[in-house]
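What follows is a guided reading of one model, to be taken with the sequence and the coordinates open side by side. The reading moves from single residues to the packing of helices and back again.

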Amino acid sequence: MYPASALSTRRLTRCAVLTALALALSVTEGLFPLTVLVPLPGLRLGLANLVTIYALCTISGREALLILVARCLLGALVGGNLSALAFSLGGGLLAFGVMWLLVRCRRLSLFGVCIAGAAAHNTGQVLAAMAVLASPALLVYLAPLLLASLVTGAVTGAASILLVRRVPPPDGKP
């Protein structure tokens with residue numbers, strides 16, 4: 001159908017476009033902090049996670065992981081906050097691992113996968129903060145974040161269900 005180089009160029013282009021979309025969602029989300037409504041520092045809805053879930057469901061785990069890592073790196077550079085990279089990657093990688101495992105569980109909907117991913121992301125961020133700051137006291141912050149992840153994960157879960165159902169896979173696979 002296509003030569004091997006054309007497929008790799010298509011995949012690279014697809015990953016670049018999805019990374020740009022995830023980065024744009026992340027930056028846009030940062031302009032409207034949820035802390036105005038809920039006084040939890042650093043709380044975000046996790047809209048960039050929509051791209052990760054879409055990639056996990058329609059492309060491959062490997063490419064979804066590459067998109068996630070690229071988004072975290074570029075987000076830290078664009079935001080000018082390289083110290084936040086540890087928190088972003090810590091949360092993102094743990095969330096990715098949990099969602100990658102759960103998306104294969106056919107009994108669990110994307111709604112549940114996203115709630116678990118939000119909880120894992122918050123857990124990963126708190127663990128990264130504990131490691132960077134060498135303070136186990138930050139574990140106290142995890143309980144309210146896990147409660148918030150029920151809401152944020154439910155919102156992104158509902159949106160991801162619509163996204164995966166309505167946006168055709170990049171390769172035209174059903």
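A residue is called buried here when its relative accessible area is under 20%, exposed when that area is over 50%, and partly exposed in between. The model is a predicted one, and V113, a residue of helix α5, is a convenient place to enter it. Because its relative accessibility is 1%, V113 counts as buried. Once its neighbours within four places in sequence are set aside, V113 is in contact with I53, M99, L102, V103 and L108. A view along the chain from the same residue shows another aspect of the fold: V113 and L127 stand 14 residues apart in sequence, and their C-alpha atoms are 21 Å apart in space.

Two of those partners, I53 and M99, lead on to the hydrophobic interior. The largest nonpolar core has 25 residues, and within this core L18, I53, L56, I67 and M99 are the ones that touch the most other members. Five helices contribute at least two residues each to this core, namely α1 (4-31), α2 (49-58), α3 (61-79), α4 (85-102) and α5 (110-133). Another core, of seven residues, lies apart from it and includes L43, V126, M130 and L142. In soluble globular proteins, nonpolar side chains tend to be buried together. For a closer view of the larger of these assemblies one may take L56, which, leaving aside neighbours within four places in sequence, is in contact with G61, A64, F96, M99 and W100.

How do the helices that supply this core pass one another? Two packed helices are described by the angle between their axes and the distance between the axes. For α3 and α4, the axes come within 9 Å and cross at roughly 165 degrees, and α3 is therefore roughly antiparallel to α4. The crossing of this pair is right-handed. On the α3 side the meeting residues are G61, A64, L65, L68, V69, R71, C72, L73 and A76, and they face L85, S88, L89, G92, L93, F96 and W100 in α4.

Helix α4 also packs against α5, where the two axes come within 7 Å and cross at roughly 145 degrees, again with α4 passing α5 in a right-handed crossing. Among the residues of α4 that take part are G90, G91, G92, A95, V98, M99 and L102, while those of α5 include V113, A116, G117, A120, G124 and A128.

The pairing of α2 with α5 has axes 12 Å apart and an angle of about 130 degrees, which means that α2 is oblique to α5. This crossing, too, is right-handed. The residues that meet are N49, I53 and C57 from α2, with L110, V113 and C114 from α5, and V113, the residue with which this reading began, thus appears on the α5 side of this pairing as well as in the one with α4.

A second residue of helix α5, A116, gives a counterpoint to V113. With a relative accessibility of 21%, A116 counts as partly exposed, since the limit for a buried residue is under 20%. Not counting residues up to four places away in sequence, A116 touches V98 and L102. The C-alpha atoms of A116 and L150 are separated by 8.3 Å, although their positions lie 34 residues apart along the chain.

T58 belongs to helix α2 and, because its relative accessibility is 11%, counts as buried. The side chain of T58 reaches the backbone oxygen of Y54 at 2.6 Å, and, leaving aside neighbours within four places in sequence, T58 is in contact with P169 and P170.

The loops offer two exposed residues with which to end. V36 lies in the loop between α1 and α2 and counts as exposed because its relative accessibility is 69%; the C-alpha atoms of V36 and G97, which are 61 residues apart along the chain, are separated by 30 Å. A134 lies in the loop between α5 and α6 (142-166) and is likewise exposed, with a relative accessible area of 66%. The backbone of A134 deserves a look as well, for its phi is near 50 degrees, a positive value in a residue other than glycine.

Conventions. Residues numbered from 1 in each chain as written. Predicted model: local features only at pLDDT ≥ 70, side-chain atom pairs only at ≥ 80, totals over all residues. Heavy atoms only, no water. Core = buried A, V, L, I, M, F, W, Y, C linked by side-chain atoms within 4.5 Å. Buried < 20%, exposed > 50% of the residue type's maximum accessible area, 1.4 Å probe, protein only. Helix = DSSP H or I, 4+ residues; strand = E, 2+ residues; numbered from the N terminus. Contact = heavy atoms within 4.5 Å. Polar contact = N/O pair within 3.5 Å; in protein donor to acceptor, adjacent residues only side chain to side chain. Axes fitted to C-alpha atoms, helices over the stretch in contact; angles between N-to-C directions. Parallel < 35°, antiparallel > 145°, perpendicular 65-115°, else oblique. Left-handed = near helix turned anticlockwise from the far one by under 90°.
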